[in-house]
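Subject: Structure for your review

Dear colleague,

Please find the structure below, with the sequence alongside. My notes on the findings follow it.

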Amino acid sequence: MTAAEVSQALNLTDLKDRSWSIVASSAIKGEGLTEGLDWLMDVIKDEQLMSTVRAFSAPGKALIAGGYLVLDPAYNAYVTALSCRMHAVIESREVPAKSKITIDSPQFGKGHWVYEMKDEEFRVEQVEGDLNPFVGAAVETILKYVEPRESFNYHITIYSDAGYHTQQDTRAVKSGNGAKQFLYHLEPIGQVAKTGLGSSAGLVSVITGSLLSVFKKSSLDEIKDKIHNLAQISHCYAQKKVGSGFDVAAAIYGSIIYRRFHASVIDEYFQNPKQEKLQEIVNNQWDFKHVRCALPPGIKLLMGDISGGSETPKLVSKVLKWKNEDPNTSKLLYENLNSANMSLVNALDQLHKEYEENESNYRDNLNKFSTDSIISSNLQSLVNSLHDIRQYLKKLTNLTGADIEPELQTILLDACFTLPGCLGGVVPGAGGFDAISLLVVESKVDQILNQTMSDSRFSNVSWLNLHEEAEGILEENPADYKDLSA
Ligand SMILES: Nc1ncnc2c1ncn2[C@@H]1O[C@H](COP(=O)(O)OP(=O)(O)OP(=O)(O)O)[C@@H](O)[C@H]1O
Ligand SMILES: C[C@@](O)(CCOP(=O)(O)O)CC(=O)O
């Protein structure tokens, strides 16, 4: 008897009992347990897809190489996904008179939004809550795409990890099984200082991912590209501009080498926001690049926040204005900056190879690293490329008048380079006064944290408790979000 037959014969419905049916049937048949376990995995997957509660998470981001250039599809960028993640727990509730989606964000004041289906055109009407463009755009776009024929009532609870926002004036709340802990603020989300790590991209990605997964009863892998396309459209719609999309791509695909999609893909839809156009765009394979790329073993990302923040749109407009006014100088500077960016990517690739060839030698070189005695030529290339990226970003700062690497950050980054095991660092993304990104030797991280505590040069830096995480959007265990209490 197969496991299914045993389960049916014994009318076993509960998954645990059904698991035992596998053992029984395998014993009866005297065959290996693997056939039964394969069956169990399929059963669990089906249970998950049919479950009324599912959970998802997506990472934050730091654009280490490629700021500004990544707006142009001619250039590649390297974006790291971060361990601070946005989470969504979605559950299906009793269907009311009007289909609706409720989104709660209990960590923030007034974190409650309700959207009802308005008409047969699948338009939504916000019936409760303040304006949240990212939540609204995600809900509206997914319903327009799915065109749900059956009534529904989904409730999504959003949680964001500590790294996205200031940790001042918060209280820690832990889940019943201790798997998750989140910081709760009194203020509404719009009044809480952020660290610029892509909370909106993560938010749009997990709302889109959770809704599409339950509407389509699909696993993430089957629909990941569609989630990406929908999340990009929603994020651009909410921002009222078509950025490079590196932040949404990192939220979906993790740490990647990224080349942007052509803005025309989304512009067309905004010109003609009809359902059939949306379906066509989302179901198409977009022409963009997302190749997995994580830091080599033993090299860690260390981010230092100075509670500054930056006005990305203002910085971008200053750079693009200069680029249009001085095409020759900007072309040369872009090419120089791009070769420094790609030298960084190549150095990371070579270091991965060095590790594969001889791990102990690789680790020995890393642990012996200091700025005046670099043993490995690949480490030297990494140090040089980080230095060169800063040099060109500084030039861009001076030529455009945009505070990309402002003097305060120059002084801080120069001081960081004197720390033991620091390979270099940059102002990520658009730069400004957001958190700086350092690449450091993993075995020296504790020494750096201890040393900077008593060094006045770092008195206004708070080192963020996060690291690079290779994975993008993931399905999580809903049980990890139950019984959250202070
Ligand atoms: N946990 C959350 N719950 C509800 N809305 C959120 C949450 N986190 C972020 N948001 C929405 O995203 C907005 C912040 O997005 P914004 O693009 O300004 O910053 P960011 O994405 O964190 O940083 P950056 O764009 O610099 O990477 C908030 O004002 C809010 O509308
Ligand atoms: C300046 C830019 O290239 C990067 C912005 O990065 P960040 O939001 O500062 O992390 C803009 C973009 O890519 O959309």
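Which residues come nearest to ligand 1? The model is a predicted one, and in it 16 residues surround ligand 1. Of these, Lys 61, Ser 105, Gly 198, Ser 199 and Ser 200 come nearest.

Polar contacts of the ligand

Two oxygen contacts and one nitrogen contact may be of interest to you. A polar side-chain atom of Ser 200 is placed 2.8 Å from an oxygen atom of ligand 1. For Gly 198, a polar backbone atom lies 3.1 Å from an oxygen atom of the ligand. The side chain of Ser 160 has an N or O atom at 3.5 Å from a nitrogen atom of ligand 1.

Cover and make-up of the shell

On its own, ligand 1 has 630 Å² of accessible area, and the protein covers 85% of this. Strand E6 (153–160) and helix H5 (199–216) are the elements that give two or more residues to the shell. Helix H5 supplies the largest share, with 3 residues. By residue class, the shell around ligand 1 holds 7 nonpolar, 7 polar and 2 charged residues.

The annotated segment

A further point concerns residues 334–368, which an unreviewed UniProt entry annotates as "coiled-coil region". In the model, this span is 94% helix and 0% strand. The C-alpha atoms at the two ends of residues 334–368 are 34 Å apart.

Yours sincerely

Terms used
Residues are numbered from 1 along each chain as its sequence is written. Chains are lettered from A and ligands numbered from 1 in the order in which they are written. This is a predicted model: local features need pLDDT of at least 70, side-chain atom pairs count only at pLDDT 80 or more; totals for chains, interfaces and linings use all residues. Side-chain values use heavy atoms; hydrogens and water are left out. A residue is near a molecule or strand if one of its heavy atoms lies within 4 Å of it. A polar contact is a pair of N or O atoms within 3.5 Å; within protein, one must be able to donate a hydrogen and the other to accept it, and residues adjacent in sequence count only if both atoms are side-chain atoms. Accessible areas come from the Shrake-Rupley method with a 1.4 Å probe; for residues, only the protein chains shown count as cover. Helices (H or I, at least four residues) and strands (E, at least two) are DSSP runs, numbered from the N terminus. Ala, Val, Leu, Ile, Met, Phe, Trp, Tyr, Cys and Pro count as nonpolar, Asp, Glu, Lys and Arg as charged, and the others, Gly among them, as polar. UniProt positions are given in the numbering used here, feature names are shortened, and annotations may be inferred rather than shown by experiment.
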